[in-house]
Amino acid sequence: MKHNQLKEFPPTFLWGASTSAYQFEGAWNEDGKGPSVIDTRSPREGISDYTVASNHYHHYREDIALLAEMGFKAYRFSIAWTRIYPQGTGQLNSQGIRFYNDVINELLRYGIEPIVTMYHFDLPAALEKQGGWSNRRTIDAFEAYAKTLFENFGDRVKYWLTINEQNMMILHGSALGTLDPSLQDPKKELYQQNHHMLLAQAKAMILCKKMLPHAKVAPAPNISCVYPASPCPDDVLAADNFNAIRNWLYLDMAVYGRYNTLVWSYFEEKGYTPKIAEGDMDILAAAQPDFIAFNYYSSATVKSNLRDTEEKGGMGDQQIAVGEAGVYAGSGNEYLERTAFGWRIDPAGLRVTLRTIYDRYQLPMMITENGLGAHDTLEEDGTVNDHYRIDYLRKHIEQCRLAMTDGVELFGYCPWSAVDLVSTHQGVSKRYGFVYVDRDEFNLKQLRRIRKNSFYWYKDVISSNGSVL
Ligand code: BGP
């Protein structure tokens with residue numbers, strides 16, 4: 001739809017950006033922190049591990065001052081479960097509580113709204129040893145951890161996100177490093193784990209409403225619209241299949257407390273049906289989010305795959321196999337350009353995604369990730385001219401405004417990432433931040449913080465409330 005007059009961003013719009021604990025904090029074994037699955041897995045060849053990352057743990061004051069200088073209204077970060085409960089459950093680590101109290105208080109001092117992700121890929125290794133999400137006891141451990149977070153930080157934190165990108169952990173756990181390589185029949189087991197994670201999320205949402213009636217809680221999946229590769233009805237059906245498996249399984253459960261019909265028939269066909277214990281569906285139905293948070297980087301395009309072979313490809317060459325016999329196959333999209341890392345750039349796809357989510361769930365939305373990973377260059381004069389990032393973000397913010405004019409309720413935009421950090425797939429060389437962190441893959445240098453050109457640009461975007469792009 002073409003609009004002659006665009007709606008303004010509301011004055012309360014939450015402009016900010018995001019990070020996650022394991023990619024940003026470093027200090028992986030300091031002050032009582034226990035190891036997470038990210039710390040115990042073998043490092044990828046040729047790229048940095050996460051032991052030091054951007055050393056935010058020791059630089060948080062400086063980092064938050066930079067966010068404040070950009071005029072941030074909100075900041076999304078994750079709490080490392082293993083700083084709070086080093087073994088995932090049991091003994092509480094008061095130094096972990098202290099650290100996040102300091103971060104939250106520092107943010108509030110500048111009037112920045114903290115948005116807390118409770119779990120961003122870093123399951124405590126001690127829980128993984130006992131079966132991780134295959135073990136129903138992990139559900140209880142997550143609920144107890146959630147209770148501790150609400151008790152300690154709930155007086156100041158209003159926005160809570162349960163689990164970051166649960167759908168990516170299930171679909172692409174091997175690429176993220178969250179998949180337990182010893183799983184015998186990964187897909188079947190993963191959907192059992194998925195069921196347990198959905199229950200853990202539901203219990204945390206119920207608890208949040210009970211303990212913090214004024215807080216707002218949401219799931220935080222990675223959602224992207226799925227296009228059919230052609231108008232061929234078989235391709236349209238394949239897109240429907242992938243949409244259900246990739247997106248709606250997670251949001252239908254979070255919002256309506258039921259399994260998506262298409263997904264359930266897919267489970268039955270493939271033998272992935274999870275075991276559901278008595279009472280599970282009641283818990284799932286009783287939980288409700290207040291809003292939907294989602295991460296968006298790119299769209300997906302798929303075609304029909306009625307043969308019996310697995311297909312690979314698609315998803316912007318993220319080295320992720322996409323496709324499943326009889327369900328869908330990844331496909332290219334000639335209309336979209338790609339980033340230097342091969343991810344397809346699709347700003348209009350964000351508008352489609354916003355419209356579709358709002359249509360399905362009628363809940364306010366917050367974008368909790370969106371951004372461009374690139375090889376930035378620190379010039380000799382100390383500048384970083386990341387005009388390509390500005391271009392990417394500008395185009396996506398324009399689409400947010402169009403979607404809001406279409407009628408969707410969007411109340412926050414927190415792109416990835418506030419400051420440079422270690423990427424999930426490609427180390428330090430792939431940067432996303434508004435602030436450059438001066439380190440290489442293996443040479444930590446001084447970890448100096450340097451404002452990129454996008455820093456100044458985003459500052460103007462925020463101070464003009466999105467009217468100057
Ligand atoms: C999302 C994760 C983030 C972040 C981002 C970019 O899936 O939630 O943690 O890493 O993707 O991915 P990458 O760092 O691999 O480029």
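Mentor: A crossing of two helices is called right-handed if the near helix is turned clockwise from the far one by less than a right angle, and left-handed if it is turned anticlockwise. Keep in mind that the model we are reading is a predicted one.

Trainee: Which hand does the crossing of H5 and H7 have?

Mentor: The crossing of H5 and H7 is right-handed, and the axes of helix H5 (residues 94-109) and helix H7 (residues 137-153) cross at roughly 50 degrees, coming within 11 Å.

Trainee: What makes H5 oblique to H7?

Mentor: The angle is roughly 50 degrees, while roughly parallel needs an angle under 35 degrees and roughly perpendicular one of 65 to 115. The value falls in neither range and is not over 145 either, and therefore H5 counts as oblique to H7.

Trainee: Which residues meet where H5 and H7 come together?

Mentor: From H5 there are Ile-97, Tyr-100, Asn-101 and Ile-104, and they meet Thr-148, Asn-152 and Phe-153 of H7. Sorted by class, this contact has four nonpolar residues, three polar ones and no charged ones.

Trainee: How do you know that Glu-25 and Arg-83 form a salt bridge?

Mentor: In general, side chains of opposite charge can pair when their charged atoms come close. The cut-off is a nitrogen of Lys or Arg within 4 Å of a carboxyl oxygen of Asp or Glu, and the N to O distance between Glu-25 and Arg-83 is 2.8 Å, so the pair qualifies.

Trainee: What does the pair of Glu-25 and Arg-83 tie together?

Mentor: Glu-25 lies in the loop between helix H1 (21-24) and helix H2 (37-40), and Arg-83 lies in helix H4 (residues 81-84), so this salt bridge ties together parts that are 58 residues apart in sequence.

Trainee: Why are Glu-25 and Arg-83 called buried?

Mentor: Buried means under 20% relative accessible area; Glu-25 has 4% and Arg-83 has 1%, so both values meet the cut-off.

Trainee: What makes Arg-394 and Asp-391 a salt bridge, with their closest N and O atoms 3.8 Å apart?

Mentor: The limit is 4 Å, and 3.8 Å is within it, so the pair counts. Both residues lie in helix H14 (residues 387-406), three residues apart, which is about one turn of the helix. Arg-394, at 28%, and Asp-391, at 31%, are partly exposed, because that class runs between under 20% and over 50%.

Trainee: How does Asp-438 compare with Lys-445 in accessibility: is each one buried or partly exposed?

Mentor: Asp-438 has a relative accessibility of 10% and is buried, whereas Lys-445 has 39% and is partly exposed. Their side chains meet in a salt bridge of 3.2 Å, N to O. Elsewhere, salt bridges with shared partners join Asp-376, Asp-386, Arg-389, Asp-420, Arg-431 and Lys-452 into one network, and a search of the whole structure finds 29 salt bridges.

Trainee: What is noted about the backbone of Asn-55 and of Phe-121?

Mentor: Neither residue is a glycine, yet phi is positive in each, at about 55 degrees for Asn-55 and near 70 degrees for Phe-121. Asn-55 sits in the loop between H2 and helix H3 (56-70), and Phe-121 in the loop between strand S3 (113-119) and helix H6 (125-129). Asn-55, at 15%, and Phe-121, at 3%, are buried, since both values are under 20%.

Methods:
Residues numbered from 1 in each chain as written. Predicted model: local features only at pLDDT ≥ 70, side-chain atom pairs only at ≥ 80, totals over all residues. Heavy atoms only, no water. Helix = DSSP H or I, 4+ residues; strand = E, 2+ residues; numbered from the N terminus. Buried < 20%, exposed > 50% of the residue type's maximum accessible area, 1.4 Å probe, protein only. Axes fitted to C-alpha atoms, helices over the stretch in contact; angles between N-to-C directions. Contact = heavy atoms within 4.5 Å. Nonpolar A, V, L, I, M, F, W, Y, C, P; charged D, E, K, R; others polar.
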